[in-house]
Amino acid sequence: MPGSQTPKPLTSFDQIRPQWQELLGRSAVNNLYITPAWQELWWGLFQDGRALSGFYLTDDSGDVTAIAPLSRAGDDYSLVGNSDTFDYNDFVVAAGAEAAFYPTLLDAIGDSGGRRLELYSIGEDSPTLALLPELARERGYLVEVAEEDVAPRISLADTWDEYLSGLTKKDRHELRRKLRRLDGHGNWRWYCVSDPDEVAERTDTFFYLMRLSDQAKAAFLTDEREDFFRRMMTATAAEGLLRLFFMEMDDQPVASSLCFDYDNARMLYNSGHNPEYRYYSVGLLLHSLCLRDALERGYRHFDFLRGNESYKYRLGGSDHHLYRISLERSGDGR
C-alpha cells in the first residue's frame with residue numbers, strides 16, 4: 001500500500017465546504033450524515049468539550065481527495081457525530097484515494113500522541129471496514145470489529161406492482177388488505193410538506209405524534225435532541241431535502257413520517273402515530289405511501305435507517321449491517 005501524505009488541518013466546517021460537497025459525489029460513501037451541514041449542526045449542540053481535530057488531503061493539482069472529520073478528547077479520537085443522531089458515519093474519500101488516506105490517518109493519530117480511534121456506524125460496504133482494520137493490525141494496533149446494528153433498505157422496483165410482487169405472499173396480502181380497510185374508512189388523506197415555512201408550522205404536530213406513539217420515542221426526545229431535530233429540519237428543508245408526510249383521518253393528523261431525499265434515495269428518519277388509530281395501521285401505511293411516492297419519482301433506494309423494527313421487514317426491507325471499529329495503539333503503533 002502506498003505511503004501516507006501530508007495532511008492539512010481541518011479547523012472548521014466552512015474551511016473547505018465547497019470542496020467537501022464536491023468530494024461527496026466522488027466518494028464511495030455518500031450520505032446526508034457526512035455532509036458538512038449535518039456535521040456542523042451536530043457539532044454545535046453535542047461536541048461536549050471535544051476538539052475538532054480532523055484533516056484533509058489534496059492531490060498535486062490542489063483538489064481535495066479525502067476528509068477525516070475527527071474529534072478528540074484526551075488521547076481518544078472518533079468521527080464527528082454519534083449513533084443517536086447519525087445512522088451512518090464514515091470518512092469522505094475519493095474513489096482511488098483510499099491507499100493514501102488510511103496510512104495517513106494512522107500516522108496522523110500516532111504523530112499527535114493519540115492512542116485510540118473509535119468509529120461507529122460504518123456500513124458493510126465501506127472501504128473503511130474493508131481496509132482499515134487489516135492495515136492497523138499490520139502496524140501493531142489492537143483491533144476490534146463488532147456488528148453494531150442493522151439498517152434495512154429496499155432497492156426500489158420500477159412499478160408499484162413489481163414492488164408488491166417482491167414481498168412475501170403473506171406481507172403482500174396484508175398490505176393490500178390494510179390499504180383496502182383504510183380506503184373503506186372514507187374520510188382520510190395523506191400529503192407531504194416540504195416548504196420551509198410549512199415545515200415550521202407542522203413541526204410541533206410531528207413531535208406530538210412522535211411522543212404519542214411510543215414511550216421509548218418520548219423518552220428519546222429530550223429537550224436537547226428536540227432542539228437538534230428542529231434545527232436539522234429547518235436546515236434540510238431550506239436545502240430542499242426534507243419531506244414531512246402526514247396522514248389525516250376524520251380531519252385529524254394520525255401519523256407522520258419524517259424523510260430525507262438525498263442522492264437518489266429516500267431515507268425514513270423518524271415517525272409517529274396516534275395509537276387510537278392503530279386498527280387502521282396508520283403508521284405502517286403512511287410509510288408504504290412514502291415508499292410508493294419514492295418509487296414513482298424514480299428513486300433508487302428506500303432506506304429505513306437504523307433499527308430492526310418489524311414493520312421494516314413487512315415492507316420488504318433487507319438488512320444492511322453497521323459496524324463499530326475500535327483501534328488501540330500497541331507500542332509505537334507504527
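**Exercise 1. Decide whether Tyr-33 is buried or exposed in this predicted model.**

Step 1. Take the relative accessible area of Tyr-33, which is 0%.
Step 2. Recall the cut-off: buried means under 20%.
Step 3. Tyr-33 is therefore buried.

**Exercise 2. Find the ring that pairs with Tyr-33 and describe the geometry.**

Step 1. Search the whole structure for aromatic pairs; there are 28.
Step 2. Pick out the pair of Tyr-33 and Tyr-88. Their ring centres are 6.3 Å apart, and the planes meet at 70°.
Step 3. Planes over 60 degrees apart count as edge-to-face. The pair of Tyr-33 and Tyr-88 is edge-to-face.
Step 4. Place both residues on the chain. Tyr-33 sits in the loop between α1 (17–24) and α2 (36–46). Tyr-88 sits in the loop between β6 (76–79) and β7 (92–93). They are 55 residues apart, so the pair links distant parts of the chain.
Step 5. Check the cover on Tyr-88. Its relative accessibility is 6%, so Tyr-88 counts as buried.

**Exercise 3. Work out which parts of the chain are tied together by the salt bridge of Asp-107 and Arg-139.**

Step 1. The count for the structure is 28 salt bridges. In one of them the side chains of Asp-107 and Arg-139 meet, at 2.5 Å from N to O.
Step 2. Asp-107 belongs to helix α3 (residues 98–111). Arg-139 belongs to the loop between α4 and β9 (142–150).
Step 3. The bridge therefore ties together parts that lie 32 residues apart in sequence.
Step 4. Both Asp-107 and Arg-139 are buried.

**Exercise 4. Do the same for Arg-243 with Asp-261, then for Arg-266 with Asp-293.**

Step 1. Arg-243 and Asp-261 form a salt bridge at 3.4 Å, N to O.
Step 2. Arg-243 is in strand β12 (residues 242–249) and Asp-261 in strand β13 (residues 252–262), so this bridge ties parts 18 residues apart in sequence. Arg-243 and Asp-261 are both buried.
Step 3. Arg-266 and Asp-293 form a salt bridge at 2.8 Å, N to O.
Step 4. Arg-266 is in strand β14 (residues 265–273) and Asp-293 in helix α10 (residues 282–296), so a strand and a helix 27 residues apart are tied together.
Step 5. Arg-266 has a relative accessible area of 0% and is buried. Asp-293, at 16%, also counts as buried.
Step 6. Salt bridges can share partners too. Such bridges join Arg-116, Glu-118, Glu-144, Arg-324 and Glu-328 into one network.

**Exercise 5. Which residue lies 5.1 Å from Leu-142, C-alpha to C-alpha?**

Step 1. Leu-142 is placed in strand β9. Its relative accessible area is 53%, so Leu-142 is exposed.
Step 2. The residue is Glu-328, 186 residues away in sequence.
Step 3. Glu-328 is also part of the salt-bridge network described above.

**Exercise 6. Locate Phe-302 and state its distance from Met-267.**

Step 1. Phe-302 lies in strand β15 (residues 301–303).
Step 2. At 0% relative accessibility, Phe-302 counts as buried.
Step 3. Met-267 is 35 residues from Phe-302 in sequence, and the C-alpha atoms are 6.0 Å apart.

**Exercise 7. Name the members of the negative surface patch that includes Glu-124.**

Step 1. The patch is formed by Glu-124, Asp-125, Glu-147 and Asp-319.
Step 2. Glu-124 lies in the loop between β8 (116–123) and α4 (127–138).
Step 3. Its relative accessible area is 36%, so Glu-124 is partly exposed.

Note on methods: Residues are numbered from 1 along each chain as its sequence is written. This is a predicted model: local features need pLDDT of at least 70, side-chain atom pairs count only at pLDDT 80 or more; totals for chains, interfaces and linings use all residues. Side-chain values use heavy atoms; hydrogens and water are left out. Patches are made of residues with over 30% relative accessible area and no salt bridge: like charges are joined within 9 Å, nonpolar side chains (Val, Leu, Ile, Met, Phe, Trp, Tyr) within 5 Å. Accessible areas come from the Shrake-Rupley method with a 1.4 Å probe; for residues, only the protein chains shown count as cover. A salt bridge is a side-chain nitrogen of Lys or Arg within 4 Å of a carboxyl oxygen of Asp or Glu. Lys and Arg count as positive and Asp and Glu as negative; His and the chain ends are not counted. The place of a charge is taken as NZ of Lys, CZ of Arg, CG of Asp or CD of Glu. Helices (H or I, at least four residues) and strands (E, at least two) are DSSP runs, numbered from the N terminus. Buried means under 20% relative accessible area, exposed over 50%, partly exposed in between (1.4 Å probe, protein chains only). Rings of Phe, Tyr and Trp (its six-membered ring) pair if their centres lie within 6.5 Å; planes under 30 degrees apart count as stacked, over 60 as edge-to-face and the rest as tilted.
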